[in-house]
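Reader: I have a structure to go through before I plan anything at the bench. Can we take it site by site?

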Amino acid sequence: MARRRMRPCLVCNTLTRNASRCDTHQQQWQQQQDRVRGSAHQRGYTQAWRTTAAHAVAQHREQWGDWCPGFKVAGHPSTDLTADHIVPKAAGGTDDPANIQVLCRGCNSRKHAQST
Ligand SMILES: [Zn+2]
Ligand SMILES: [Zn+2]
């Protein structure tokens, strides 16, 4: 069963033995992914941070359930919780749990919108 089924490239529809793209477009896609990863890395959002953030949200859920403590608003129920740095990485903040705050997406973007 070594023969793999040919699949059409997602971009140009040329049949390929790759998972989803022909060699040319696989390469292009890979380069694009590298760029995305690179820029995410520059902003401090590494894989390690994503793991830390997911862990922080999980811990928050365990303690508080689906509850956002609120930013400039009263605490409110929310299932859309995200972890964020209290002191931004750009300002020297770390991925230490003490520097991580869990808020819903709405409160998080409100915080970012008015961060000075
Ligand atoms: Zn292609
Ligand atoms: Zn909220």
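Reader: Is His 25 buried or exposed?
Author: This is a predicted model, and the values here are computed from it. His 25 lies in helix 1. Its relative accessible area is 16%, and the cut-off for buried is under 20%. His 25 is therefore buried.

Reader: Which residues does His 25 touch, not counting residues up to four places away in sequence?
Author: His 25 is one of the protein donors of the zinc ion (ligand 1), through ND1. Two other donors of that ion, Cys 9 and Cys 12, are also in the set that His 25 touches. The full set is Cys 9, Val 11 and Cys 12.

Reader: What is the arrangement at the zinc ion (ligand 1)?
Author: The protein donors are Cys 9 (SG), Cys 12 (SG), Cys 22 (SG) and His 25 (ND1), lying 1.9 to 2.4 Å from the ion. The angles among the four donor atoms are 99 to 115 degrees. Four donors count as tetrahedral if all angles lie between 85 and 135 degrees. The site is tetrahedral.

Reader: How many residues apart are Cys 9 and Cys 22, and where do they lie?
Author: The donor residues of the zinc ion (ligand 1) are spaced C-x2-C-x9-C-x2-H in sequence. Cys 9 is in the loop between strand 1 (7–8) and strand 2 (15–16), while Cys 22 is in the loop between strand 2 and helix 1 (23–42), and the pair links these distant parts of the chain. Cys 9 is buried at 1% relative accessibility, and Cys 22 is buried at 9%. Their separation is 13 residues.

Reader: Why is the arrangement around the zinc ion (ligand 2) given the name it has?
Author: Its protein donors are Cys 68 (SG), His 76 (NE2), Cys 104 (SG) and Cys 107 (SG), at 2.2 to 2.3 Å. The four donor atoms subtend angles of 101 to 122 degrees, which makes the arrangement tetrahedral.

Reader: Which parts of the chain does the pair His 76 and Cys 107 tie together?
Author: The donor spacing for the zinc ion (ligand 2) is C-x7-H-x27-C-x2-C. His 76 is partly exposed at 22% relative accessibility, whereas Cys 107 is buried at 0%. The pair ties together parts 31 residues apart in sequence, because His 76 lies in strand 4 (residues 76–77) and Cys 107 in helix 3 (residues 105–113).

Reader: Which residues have the most contacts inside the largest nonpolar core?
Author: The core has 13 residues. Helix 2 (47–64), strand 5 (81–85) and strand 6 (100–104) each give two or more residues to this core. Outside its neighbours within four places in sequence, Leu 81 is in contact with residues including Val 57, Cys 68 and Val 102. Those with the most contacts inside the core are Cys 68, Leu 81, Ala 83, Val 102 and Cys 107.

Reader: Which element gives the most to the lining of the second largest pocket?
Author: The pocket has a volume of about 160 Å³. Among the residues that line it are His 55, Gln 59, Trp 64, Pro 97 and Ile 100. Helix 2 and strand 6 each supply at least two lining residues. With seven residues, the element that gives the most is helix 2.

Reader: What is the phi of Lys 72?
Author: Most residues other than glycine have a negative phi. Lys 72 lies in the loop between strand 3 (67–68) and strand 4, and it is exposed at 66%. Its phi is positive, near 60 degrees.

Definitions and conventions
Residues are numbered from 1 along each chain as its sequence is written. Chains are lettered from A and ligands numbered from 1 in the order in which they are written. This is a predicted model: local features need pLDDT of at least 70, side-chain atom pairs count only at pLDDT 80 or more; totals for chains, interfaces and linings use all residues. Side-chain values use heavy atoms; hydrogens and water are left out. Donors are N, O and S atoms within 2.8 Å of the metal (3.2 Å for Na, K and Ca); water is not among the atoms, so sites may look incomplete. Four donors count as tetrahedral if all angles lie between 85 and 135 degrees; four count as square planar and six as octahedral if opposite donors are over 155 degrees apart and all others between 65 and 115; anything else is irregular. Helices (H or I, at least four residues) and strands (E, at least two) are DSSP runs, numbered from the N terminus. Buried means under 20% relative accessible area, exposed over 50%, partly exposed in between (1.4 Å probe, protein chains only). A nonpolar core is a set of buried Ala, Val, Leu, Ile, Met, Phe, Trp, Tyr and Cys residues joined through side-chain atoms within 4.5 Å. Contact means heavy atoms within 4.5 Å. On a 1 Å grid over the protein atoms alone, a cavity is a set of points where a 1.4 Å probe fits but cannot get out, and a pocket is an open set with protein on both sides within 12 Å along at least five of seven lines; lining residues have an atom within 4 Å of a point. Grid points are joined across faces, edges and corners, and a volume is the space filled by probe spheres set on the points.
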